[in-house]
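Subject: Structure handover

Hello,

Here is the structure for you to look over. My notes follow below it.

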Amino acid sequence: MIDILFFGRVADSLGKRRLAMALPPEGLSLFALRLRLFDGEGDGRLRMSVNQVVVTDDRPLHDGDEVAFFSVFSGG
Amino acid sequence: MEMEVRLLPAGFDPAAVHGDFLARFGTLGAVTAFTGVVREAAKGAAVDYLYLDWYPGMTETSIQAIADAAAERFDIRALSIHHRCGEVRAGEPVVFVAAASVHRRAAFEAVDYMMDRLKSEAALWKREVGPQTDRWVEPTTGDADDLKRWSDK
């Protein structure tokens, strides 16, 4: 199982903040997961993290991973 | 190097934090502090509150990284970052940043630097809500330019 979290505008537009998913036996990469969740929409402003580290490149996902999708940060 | 970095889901009193910081580090010679307060209007529309969404764990780490970078980069002896998350009403403080040093320049610059980076690099997502407005705020090109000021060093 992997834990998927959503924050900011992304959580708002999906109407959810959290999702648990079993990894398929053939495995799943981060970019493949993004395609599944966001219908392949090429939103260049979508940001991702794996285990709380922001990542931009594709990578295989593993059981127990915590993946998050969010919009650009705006603090201060 | 003394650092206090806090992510606060409830309100805080920046004057009290400032007073405490001054009492502890004022004798160094120079203390600079900045407080950001939620505006009552943005782009002509009244604002009731900001909602700052956050990612428990990652948000704290991202703010700590900014504090660590400031400590490394400037000749300061102490710093403080207090940042709200959750709902912050108009007129309430949302962020407080302070630095203490032996001479003023380092303290001024460190606070300026930390604020510029907090705007774009703290893992927070800001939503403005008012009677006629409900929108997620994204960093402006001005925020990006502010950040670039520090990239040449």
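Helix H3 of chain B has a long list of buried residues: B:Ala106, B:Ala107, B:Ala110, B:Val111, B:Tyr113, B:Met114, B:Asp116, B:Arg117, B:Leu118, B:Lys119 and B:Glu121. Keep in mind that this is a predicted model.

What do these buried residues of H3(B) pack against? Three strands and two helices of chain B: E2 (30–37), E6 (76–84), E8 (93–101), H2 (58–73) and H4 (141–148).

The helix length checks out. H3(B) covers residues 104–121, 18 in number. At 1.5 Å a residue they should span 26 Å, and the end C-alpha atoms are 25 Å apart, which agrees.

Two residues of this helix also stand out in the largest nonpolar core, which has 51 residues. B:Ala110 and B:Met114 are among those with the most contacts inside it, along with B:Ile76 and B:Leu79. Leaving aside residues up to four places away in sequence, B:Met114 touches B:Ile66, B:Ala70, B:Ile81 and B:Val97.

Now chain A. Its five strands form an open sheet in the order E2-E1-E5-E3-E4, with mixed pairing. E2 (18–21) and E4 (53–55) of chain A are at the edges; each has a single partner strand, so one side of each lacks a neighbour in the sheet. From one strand to the next, the twist averages 25 degrees.

Within that sheet, E1(A) (residues 2–7) and E5(A) (residues 66–70) run parallel and pair over five bridges. One bridge to look up: A:Leu5 has A:Ala68 of E5(A) as its partner.

Best wishes

Definitions and conventions. Residues are numbered from 1 along each chain as its sequence is written. Chains are lettered from A and ligands numbered from 1 in the order in which they are written. This is a predicted model: local features need pLDDT of at least 70, side-chain atom pairs count only at pLDDT 80 or more; totals for chains, interfaces and linings use all residues. A nonpolar core is a set of buried Ala, Val, Leu, Ile, Met, Phe, Trp, Tyr and Cys residues joined through C-beta atoms within 7 Å. A residue is buried if 20 or more other C-beta atoms lie within 10 Å of its own, exposed if 12 or fewer, and partly exposed in between; C-beta atoms are placed from the backbone. Two residues are in contact if their C-beta atoms, placed from the backbone, lie within 7 Å. Helices (H or I, at least four residues) and strands (E, at least two) are DSSP runs, numbered from the N terminus. The expected span of a helix is 1.5 Å times one less than its number of residues. Two strands pair if DSSP finds at least two bridges between them. Axes are lines fitted to C-alpha atoms, for helices over the stretch in contact, and angles run from 0 to 180 degrees between N-to-C directions.
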